[in-house]
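Welcome! Grab your favourite viewer and work through a few short exercises, each followed by a solution.

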Amino acid sequence: MKTIDLRSDTVTRPTPEMRAAMMDAPVGDDVFEGDPTVKALEAKVAALFEKEAALFVASGTMGNQISLYTHEHHRGDELICDDEAHIDWYEVGAAAALSGLQLRPIAAPGGIPDPERIAAAIRPPNIHHPVTSIIAVENTHNRAGGVVVPLEIMRLIAALGLENGIKTHLDGARIWNAAAATGVPLSEWGRGFDSISVCFSKGLGAPVGSAVIGTKDFITRARRTRKLFGGGMRQVGILAAACIWAIDHQLPRMADDHRRATTLATSIADIPGIALVPDPPPTNIVVMDIAKTGLTPDQALGQLAKRGALLTPFGPTRIRAVTHRDVDDTDIETAIGAIREVFVKQK
Ligand code: TLP
């Protein structure tokens, strides 16, 4: 039985063409800034986002954390993010552990941050208060179900940062999906933001890699932070080549992932007890609240796995499926069959 792996869009394996590009990549020592393929990737990504410079890093977590550390702040300063943000939930407390930042998580119903709530959370000057130093926004929003934070909201938050002398960071691990879903070019999403982190290892399907994007000065300092965090890599052009290949070949097909997520969602939406969050899924993430099905996430995932479909737990009553390059229409039909068997059988 074939296993349909919908645990994340991180599970893709490099294609033969991608491997060929890796094989042929010219390389050098990137800590000495001597790897031409890494340089080419960094220049390409900076240009896509219309920023001055970019830095290749090992992971999305490292990209976020290098960005936060590099923005000027003192220990105990505050980072405003939303209360479902990856930075809050899935980065092992790194903002506190590595940068001494205290998190100020703000509710963002449906994954859409409210600039007024953020403005109200900015600390006024007072000897007792921490200083608000950074505002982070996640787009698309993972825990909210791949929701696209609208461009107007992004603009308002960037302006808020500027007005208040607070740095703004975009966790754009899946910003590619936001661009594909809306047709708004990549360059618009991070406009006005002081730093952006993007991932090549999610919807784009590269095996490793993320980038931090910003001004030349910021990236010079971020390069030093990367070294501090042990992330200076050497002949890493073989990985950067996969990322370049991924941008060139995977971006144009990202709409297929979104279409498959919609197919999956619409084919299970009628199952009693399953609630899609949101309904329909805006990008490649399908979150199902199964509270009313009588199954716990663990029970459901176990039964789905026996039928060849792998999903992830996503909270006490939720499970998540993510579409990606390595699942096709037939795989989605198989997954739909497995989900229907597990949940419809319960009734
Ligand atoms: N997300 C992973 C898990 O960590 C949950 C996933 O499977 O979705 N920002 C966002 C919005 C992310 O979703 C992720 C990864 C990251 C950052 C971190 O990327 P990595 O895993 O490369 O450190």
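The exercises below go from the ligand site to a sheet and then to the backbone.

This is a predicted model, in which local features need pLDDT of at least 70, side-chain atom pairs count only at pLDDT 80 or more, and totals for chains, interfaces and linings use all residues. Residues are numbered from 1 along each chain as its sequence is written, and side-chain values use heavy atoms, with hydrogens and water left out.

**Exercise 1. Describe the shell around the ligand.**

Step 1: Collect the residues with a heavy atom within 4 Å of the ligand. There are 15 of them, and Ser-8, Gly-60, Thr-61, Asp-171 and Arg-174 come nearest.

Step 2: Sort them by type. The shell holds 2 nonpolar, 7 polar and 6 charged residues; here Asp, Glu, Lys and Arg count as charged, Ala, Val, Leu, Ile, Met, Phe, Trp, Tyr, Cys and Pro as nonpolar, and the others, Gly among them, as polar.

Step 3: Map them onto the fold. Helix α3 (residues 60-70) gives the largest share, 3 residues; helices (H or I, at least four residues) and strands (E, at least two) are DSSP runs, numbered from the N terminus.

**Exercise 2. Find side-chain polar contacts to ligand oxygen atoms, then the cover.**

Step 1: Look for pairs of N or O atoms within 3.5 Å. Thr-61 places a polar side-chain atom 2.6 Å from a ligand oxygen.

Step 2: Continue with an N or O atom in the side chain of Arg-174, at 2.8 Å from an oxygen atom of the ligand, and one in the side chain of Asn-142, at 2.9 Å.

Step 3: Compute the cover. Alone, the ligand has 510 Å² of accessible area, and the protein covers 82% of this (Shrake-Rupley method, 1.4 Å probe).

**Exercise 3. Trace the open sheet that contains β9.**

Step 1: Write down the order. The 4 strands run β9-β10-β13-β12, with antiparallel pairing; a pair needs at least two DSSP bridges.

Step 2: Mark the edges. β9 (275-276) and β12 (312-313) each pair on one side only.

Step 3: Check one pair. β9 and β10 (residues 285-289) are joined by 2 bridges, and Ala-275 stands opposite Asp-289.

**Exercise 4. Locate unusual backbone angles.**

Step 1: Recall that most residues other than glycine have a negative phi, and most peptide bonds are trans.

Step 2: List the cis bonds. One leads from Asn-139 to Thr-140, with omega near 0 degrees, and Thr-140 is in the loop between β5 (132-138) and α7 (151-164). Another joins Asp-279 and Pro-280, with omega about -5 degrees; Pro-280 belongs to the loop between β9 and β10.

Step 3: Check phi. Glu-33, not a glycine, has a positive phi of about 55 degrees and is in the loop between α1 (16-24) and α2 (36-48).

Definitions and conventions:
A polar contact is a pair of N or O atoms within 3.5 Å; within protein, one must be able to donate a hydrogen and the other to accept it, and residues adjacent in sequence count only if both atoms are side-chain atoms.
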